[in-house]
Amino acid sequence: MSKFIFKTNQEIELIKQSCLLLSKTHGEVAKFVKEGVSTLLLDKIAKEYILDNGGVPSFLDFNGFPYTLCVSINDQVVHGFPSSYQLRDGDIVSIDCGVVYNGYFSDSAYTYPIGEIKPEIKILLDVTKQCLELAIEKAVVGNRIGDIGFAVQNHAEKAGFGVVRELVGHGVGTKVHEKPEVPNYGKRGSGIRLEEGMVLAIEPMINLGKPAVMFWDDGWTVSTRDKSPSAHYEHTVSIRKGKADVLTSFMHIEEVLNKK
Ligand code: MG
Ligand code: MG
């Protein structure tokens with residue numbers, strides 16, 4: 001990871017513009033997320049939308065990653081490749097995307113249910129999203145990185161779910177990944193102090209089963225060892241006093257989902 005970088009308010013405003021394009025891209029992709037659609041089509045839609053609106057997909061060619069989206073289905077945790085696989089009733093699919101706009105980076109992910117999913121998997125999605133919300137509540141000046149991790153771990157483990165350890169959130173803004181690391185586990189009051197000028201990608205990755213993951217030979221895909229489903233939600237967040245400024249939004253996704 002790169003050196004730790006504080007952002008000025010002017011830079012945070014630029015990151016916010018990147019986040020807006022990213023959030024709208026997610027909304028565009030959401031229109032096509034349904035049974036029978038290939039995940040490669042979703043990738044094409046995201047790429048075209050970003051380029052048409054003056055941005056650049058930030059994951060594409062990052063350390064050789066070959067796509068605009070990370071598409072992770074069922075037991076895949078993160079970094080799955082879009083493919084000719086067509087989404088099926090009962091699947092869950094995490095769509096993770098990043099944008100560069102005017103030189104500033106953003107990062108956000110959302111896990112969708114496809115058709116009718118098992119009740120325990122619905123709970124996994126709800127709890128993982130709640131983990132993100134609880135983590136964001138702790139992402140304020142004066143708290144520490146461990147407060148964020150504790151919030152995620154505590155909520156997920158109370159529900160009986162496994163918290164992924166090998167992958168973490170991160171600083172974001174002038175690169176895809178910056179310092180500091182933002183683990184989804186930790187002790188309250190531990191780790192570096194949160195300050196204004198920090199912009200973090202907070203991203204709980206929670207498994208229905210055990211925490212352990214495995215790394216595929218493709219060099220990217222990560223899946224659960226026990227083959228249990230995994231959920232992932234992510235926002236780019238600016239640390240502020242009292243309340244974090246959430247720079248990405250699920251509004252565009254949820255507007256689409258509410259119409260379906
Ligand atoms: Mg991401
Ligand atoms: Mg990220």
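Which residue bridges the magnesium ion (ligand 1) and the magnesium ion (ligand 2)? In this predicted model, that residue is Asp107, and the two ions it bridges lie 3.2 Å apart. Residues are numbered from 1 along each chain as its sequence is written, and chains are lettered from A and ligands numbered from 1 in the order in which they are written. Local features need pLDDT of at least 70 and side-chain atom pairs count only at pLDDT 80 or more, while totals for chains, interfaces and linings use all residues; side-chain values use heavy atoms, with hydrogens and water left out.

First, the chain as a whole. It has five helices and 15 strands (DSSP runs numbered from the N terminus, H or I of at least four residues for helices and E of at least two for strands). A compact globule of 260 residues would have a radius of gyration near 18 Å, and the chain, at 17 Å, agrees with that (the radius is taken over C-alpha atoms, and the globule rule is 2.2 Å times the number of residues to the power 0.38). Along the principal axes, the C-alpha atoms fill a box of roughly 45 × 45 × 40 Å. Buried residues account for 53% of the 260, where buried means under 20% relative accessible area, exposed means over 50%, and partly exposed is in between (1.4 Å probe, protein chains only). The chain exposes about 11300 Å², with carbon and sulfur atoms supplying 52% of that area (Shrake-Rupley method with a 1.4 Å probe; for residues, only the protein chains shown count as cover). Of the contacts between residues at least 6 apart in sequence, 71% join residues at least 24 apart; a contact means heavy atoms within 4.5 Å.

Now for the metals. Donors here are N, O and S atoms within 2.8 Å of the metal (3.2 Å for Na, K and Ca), and water is not among the atoms, so sites may look incomplete. For the magnesium ion (ligand 1), Asp96 gives two OD entries in the donor list, joined by Asp107 (OD) and Glu234 (OE), at 2.0 to 2.5 Å. The spacing of these donor residues in sequence is D-x10-D-x126-E. Asp107 in strand β5 and Glu234 in the loop between β13 and β14 link distant parts of the chain, being 127 residues apart. Both Asp107 and Glu234 are buried.

The magnesium ion (ligand 2) has Asp107 (OD), His170 (NE2), Glu203 (OE) and Glu234 (OE) as its protein donors, lying 2.1 to 2.2 Å away. Their spacing in sequence reads D-x62-H-x32-E-x30-E. Glu203 sits in the loop between β9 (199-202) and β10 (205-207), and Glu234 in the loop between β13 (230-232) and β14 (235-238), so the pair ties together parts that are 31 residues apart in sequence. Glu203, like Glu234, is buried.

What surrounds the bridging Asp107? Strand β5 (residues 104-113) has nine of its ten residues buried, so the strand is largely enclosed by the rest of the structure. Its antiparallel partner is strand β4 (residues 92-101), over ten bridges; strands count as paired if DSSP finds at least two bridges between them. Within this pairing, Cys97 stands opposite Ser108. The two strands form a hairpin with two residues between them, and Asn102 in the turn has a positive phi of about 50 degrees.

A residue of β9, Leu200, is worth a look too. Leu200 is buried, at a relative accessible area of 0%. From Leu200 to His170 the C-alpha distance is 5.7 Å, though the two are 30 residues apart in sequence. Leaving aside residues up to four places away in sequence, Leu200 touches several residues, including Ile145, His170, Pro180, Leu194 and His235.

Ser58, in the loop between β1 (56-57) and β2 (69-73), also counts as buried, at 7% relative accessibility. With the same sequence neighbours set aside, the contacts of Ser58 include Gly98, Val99, Phe105, Ser106 and Val176.

Elsewhere, three strands make an open antiparallel sheet in the order β3-β12-β11. The edges are β3 (76-78) and β11 (213-215), each with a single partner strand, so one side of each is left without a neighbour in the sheet. From one strand to the next the twist averages 40 degrees (axes are lines fitted to C-alpha atoms, for helices over the stretch in contact, and angles run from 0 to 180 degrees between N-to-C directions). Strand β12 (residues 222-224) is joined to β11 by three bridges, and Val213 stands opposite Thr224.
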